[in-house]
4 protein chains.
Amino acid sequence: MVAVCGAGTCSPDVSELARKTGELLARHGANLICGGLGGVMAAAAQGAKAAGGLTIGILPGTDRQDANPFIDLALPTGLGEARNALIVRAAQAVIALPGETGTLSEVALGLKMGRPVVGLAAWGEINGVLPASDPDEAVRLALSRV
Amino acid sequence: MVAVCGAGTCSPDVSELARKTGELLARHGANLICGGLGGVMAAAAQGAKAAGGLTIGILPGTDRQDANPFIDLALPTGLGEARNALIVRAAQAVIALPGETGTLSEVALGLKMGRPVVGLAAWGEINGVLPASDPDEAVRLALSRV
Amino acid sequence: MVAVCGAGTCSPDVSELARKTGELLARHGANLICGGLGGVMAAAAQGAKAAGGLTIGILPGTDRQDANPFIDLALPTGLGEARNALIVRAAQAVIALPGETGTLSEVALGLKMGRPVVGLAAWGEINGVLPASDPDEAVRLALSRV
Amino acid sequence: MVAVCGAGTCSPDVSELARKTGELLARHGANLICGGLGGVMAAAAQGAKAAGGLTIGILPGTDRQDANPFIDLALPTGLGEARNALIVRAAQAVIALPGETGTLSEVALGLKMGRPVVGLAAWGEINGVLPASDPDEAVRLALSRV
């Protein structure tokens, strides 16, 4: 189970990185876990679904309808931002794409919990993050450390 | 998604009720969510797996190896007993079999969150619980209220 | 630190039981922890404040203004019902007055976590609850087991 | 209520910054909330206590004995790293001293939740953090934005 994290709204370029990352994870047989909302989360789930993967969304609110349409298993938590800790706790590796403070908290919590954290086109400045320049490298790095 | 709750160790009779409940849920196309450990949780997951269903375990600890062997998706939370709230929050209905205080907390939280809560061979004395005398009735009651 | 749990709205009789319980806890030097809202929670905090005690409210939402006016330290959690686990986890003993499913979840979680749980005018039917018939007995039972 | 975050073990210089920050917060009448453990958390609590302030420790584990000796109110949560979200949620402002990934997660979550986050001798590179070069400036910045 690999987490893909990133902004809830994103540019087409970042969306394409996320979609490709999800696709590659599914092709390697990994389940995708994410925050279940839009942007990077939706694009990664879309890519994973298109390649036959299973997608899990850990939602901050209490309504499963908040999940993007590519989530197979929507888990509303009602925990707000505290759900970020759950995403990385449940994952065996974390791939972080460009995002803001929510994504940064997942990067930090992932490192704190000892998860391998791969930064794809982002977060390379944070000590401990494994930098990757494309989805192939990101997925390879993440899966090699599980 | 339907939660099955109950004791972490149980008699053969209760185990058979749980197994049959899991099997029927899977046959009706429902995903099973539970606490991921032994007893009722393992028997329900075993029944669901045997019928081709998908099983999710929300674990109290941080080690995914704690999950019983019939869990497809083990989500370690590191939240301890607070994970009981997550199980019922993520479920659309709750079926509670005999158990102790942990199960009672799930029954209470399920009712508090407005989930339909079915008591199978247990919990019928609690206001709001829908009593069922066998797995068929329990699954029918749960699915009819989702 | 002793938790007082009970309904968010309550009768004058139950309110008076809660107020007296809070007062006695403060007189014995115990800090009061509760859910921070109305009914039993507000009456217990009012009693504790009147006797010079310190009161802590663990709120389900994100707004500290939700706390009743007798709470010294309002801790908004944003965890919803999952905050019930925090109240009893942080307490060294639990006194439960009449309430509904939220209170029942606190009784069950308290027992599950090994806390002494005193039922004041309620919950005596639950295995493991120490029954008390008045606030003096409830506070005595709770403090003797810390 | 102001959170002071930082490493669980720290140099004498950072410890002195933390102690002074705690002292100034108490002198201004603010309650101190922190993670309750050692290093920056203990030094800040020590400073606050010495100036007559009230100190609250939100512990990751289940044992209140884990709290440092300067904590008035130890709240064991049993939530592990997820308790970091609670510290910043309960605070009206956050002062972050040097630390590692745990502290970084608190900085990120604080920003995500809209809290004013002051970086004292650290974290100035993170977008949104208010940089301070000494405890006076840190406390002034934090309290002016509550």
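# Exercises on two interfaces of chain A

In this predicted model, 15 residues of chain D and 15 residues of chain A make up the contact between these two chains.

**Exercise 1.** Describe the interface of chain D and chain A by its buried area, its polar links and the elements of chain D that take part.

*Solution.*

Step 1. Start with the area. Chain D and chain A bury about 1,300 Å² between them, and carbon and sulfur atoms give 79% of this. On the side of chain D, the residues that lose the most area to chain A are D:Glu81, D:Thr101 and D:Lys112, together 41% of what that side buries.

Step 2. Look for charged and polar links. The rule finds 0 salt bridges across this interface. The number of residue pairs in polar contact, with both at pLDDT 80 or more, is 0 as well.

Step 3. Assign the residues to elements. Helix 3 (83–90) and helix 4 (101–112) of chain D each give two or more residues to the side that touches chain A. Helix 4 gives the most, with 8 residues.

Step 4. Sort by class. The side of chain D that touches chain A holds 8 nonpolar, 4 polar and 3 charged residues.

**Exercise 2.** Carry out the same steps for the interface of chain B and chain A.

*Solution.*

Step 1. Here 20 residues of chain B are in contact with 20 residues of chain A. The two chains bury about 1,500 Å², 69% of it on carbon and sulfur atoms. In chain B, the most area is lost to chain A by B:Arg64, B:Leu73 and B:Arg89, which together account for 34% of what that side buries.

Step 2. The rule finds 0 salt bridges between chain B and chain A, but there are 2 residue pairs in polar contact, both at pLDDT 80 or more.

Step 3. At least two residues each come from strand 3 (55–59), strand 4 (73–76) and helix 3 (83–90) of chain B. The largest share, 4 residues, belongs to strand 4.

Step 4. By class, the side of chain B that touches chain A has 13 nonpolar, 5 polar and 2 charged residues.

**Exercise 3.** Which residues have the most contacts inside the largest nonpolar core, and what is B:Leu75 in contact with?

*Solution.*

Step 1. The largest nonpolar core has 115 residues, and A:Leu75, B:Leu75, C:Leu75 and D:Leu75 have the most contacts inside it.

Step 2. Leave aside the neighbours of B:Leu75 within four places in sequence. In chain A, B:Leu75 is then in contact with A:Met1, A:Ile33, A:Ile58, A:Leu75 and A:Ala90. In chain B, the partners of B:Leu75 are B:Ile56, B:Gly57, B:Ile58 and B:Leu59.

Terms used:
Residues numbered from 1 in each chain as written. Chains lettered and ligands numbered in written order. Predicted model: local features only at pLDDT ≥ 70, side-chain atom pairs only at ≥ 80, totals over all residues. Heavy atoms only, no water. Contact = heavy atoms within 4.5 Å. Buried area = accessible area lost by both parts, 1.4 Å probe. Salt bridge = Lys/Arg side-chain N within 4 Å of Asp/Glu carboxyl O. Polar contact = N/O pair within 3.5 Å; in protein donor to acceptor, adjacent residues only side chain to side chain. Nonpolar A, V, L, I, M, F, W, Y, C, P; charged D, E, K, R; others polar. Core = buried A, V, L, I, M, F, W, Y, C linked by side-chain atoms within 4.5 Å. Buried < 20%, exposed > 50% of the residue type's maximum accessible area, 1.4 Å probe, protein only.
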